Amino acid sequence: MKNALIIALGIITGAIVIGGQSFYHLLTSQNIVNVASGEVRLGEVYDEQLTTTVTITSDDNETPILMITDATIK
């Protein structure tokens with residue numbers, strides 16, 4: 001009876017170790033964006049779109065005269 005209990009505990013411990021490795025990958029391979037206030041974890045990113053913004057400002061560099069945002073061609 002004692003041997004069966006030890007074997008059962010060994011099997012359970014092995015399953016936890018093997019299962020834990022797959023969860024570790026989910027926790028560490030997430031997309032993280034660094035911002036001024038810290039890090040933001042995005043999780044799975046399914047799509048990304050690259051855009052370019054061109055801004056023409058006046059001499060005081062505060063008032064935008066023209067702003068164009070469009071998709072960037074890869």
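**Exercise 1. How far to trust the model**

Task: In the chain, where is confidence lowest and where is it highest?

Solution: Start with the low end: helix α1, residues 2-28, has the lowest confidence in the chain, at a mean of 77. Now go to the high end, which is β3, at 91. This is a predicted model, and these scores are pLDDT values, the predictor's confidence in each residue. Next, take the chain as a whole: its average pLDDT is 80, and 81% of the residues score at least 70. Keep one habit in mind: where pLDDT is low, the predicted coordinates should not be read in detail.

**Exercise 2. The order of the elements**

Task: How many helices and strands does the chain have, and what pattern do they follow along the sequence?

Solution: First count the elements: there is one helix, and there are four strands. Then read along the sequence, which gives α-β-β-β-β.

**Exercise 3. Two pairs of strands**

Task: How many bridges join β1 to β2, and how many join β3 to β4?

Solution: Begin with β1 (residues 31-35) and β2 (residues 38-43). These two strands run antiparallel and are joined by five bridges. One place to look is Val 33, whose bridge partner in β2 is Val 40. The link from β1 to β2 is a hairpin of two residues.

Now move on to β3 and β4. They also pair in the antiparallel sense, over seven bridges. Find Thr 57 here: its bridge partner in β4 is Pro 64. Six residues lie between the strands of this hairpin, and within the hairpin Asn 61 takes a positive phi near 60 degrees.

**Exercise 4. Three residues around one hairpin**

Task: Which residues are in contact with Thr 51, Thr 57 and Ser 58, leaving aside neighbours within four places in sequence?

Solution: Take Thr 51 first. Thr 51 belongs to strand β3. Its contacts beyond those neighbours are Thr 69, Asp 70, Ala 71 and Thr 72. Pick out Asp 70: it is 19 residues from Thr 51 in sequence, while their C-alpha atoms are 5.5 Å apart in space.

Take Thr 57 second. Thr 57 is in strand β3 as well. With the same neighbours set aside, Thr 57 is in contact with Thr 63, Pro 64 and Ile 65. For a distance to check on screen, try Met 67, which is ten residues from Thr 57 in sequence and 8.6 Å from it, C-alpha to C-alpha.

Take Ser 58 last. Ser 58 sits in the loop between β3 and β4. Beyond its neighbours within four places, Ser 58 is in contact with Thr 63 and Ile 65.

**Exercise 5. Buried or exposed?**

Task: Why does Thr 51 count as partly exposed?

Solution: Recall the cut-offs: buried means under 20% relative accessible area, exposed means over 50%, and partly exposed is in between. Thr 51 has 47% relative accessibility, so it counts as partly exposed. Try the same step on other residues. Thr 57, at 29%, is partly exposed, and Ser 58, at 24%, is partly exposed too.

Now widen the view. Buried residues make up 1% of the 74 residues in the chain. The accessible surface of the chain comes to about 7,000 Å², with 62% of it belonging to carbon and sulfur atoms.

**Exercise 6. A nonpolar patch**

Task: Which residues form the nonpolar patch on the surface, and which element gives the most to it?

Solution: Locate the members one by one: Val 54, Ile 56, Ile 65, Leu 66 and Ile 68 together have about 460 Å² of accessible area. Next, match them to elements: β3 (51-57) and β4 (64-71) are the ones that give two or more residues to the patch. With three residues, β4 gives the most.

Look more closely at β4. This strand is hardly covered, with zero buried residues among its eight. Leu 66 lies in β4, and with a relative accessibility of 41% Leu 66 counts as partly exposed.

**Exercise 7. Contacts along the chain**

Task: Among the contacts with a separation of 6 or more, what share comes from residues 24 or more positions apart?

Solution: Set aside the contacts with a smaller separation. Of those that remain, residues 24 or more positions apart account for 0%.

Definitions and conventions:
Residues are numbered from 1 along each chain as its sequence is written. This is a predicted model: local features need pLDDT of at least 70, side-chain atom pairs count only at pLDDT 80 or more; totals for chains, interfaces and linings use all residues. Side-chain values use heavy atoms; hydrogens and water are left out. Buried means under 20% relative accessible area, exposed over 50%, partly exposed in between (1.4 Å probe, protein chains only). Contact means heavy atoms within 4.5 Å. Accessible areas come from the Shrake-Rupley method with a 1.4 Å probe; for residues, only the protein chains shown count as cover. Patches are made of residues with over 30% relative accessible area and no salt bridge: like charges are joined within 9 Å, nonpolar side chains (Val, Leu, Ile, Met, Phe, Trp, Tyr) within 5 Å. A salt bridge is a side-chain nitrogen of Lys or Arg within 4 Å of a carboxyl oxygen of Asp or Glu. Two strands pair if DSSP finds at least two bridges between them. pLDDT is the predictor's confidence in each residue, from 0 to 100.
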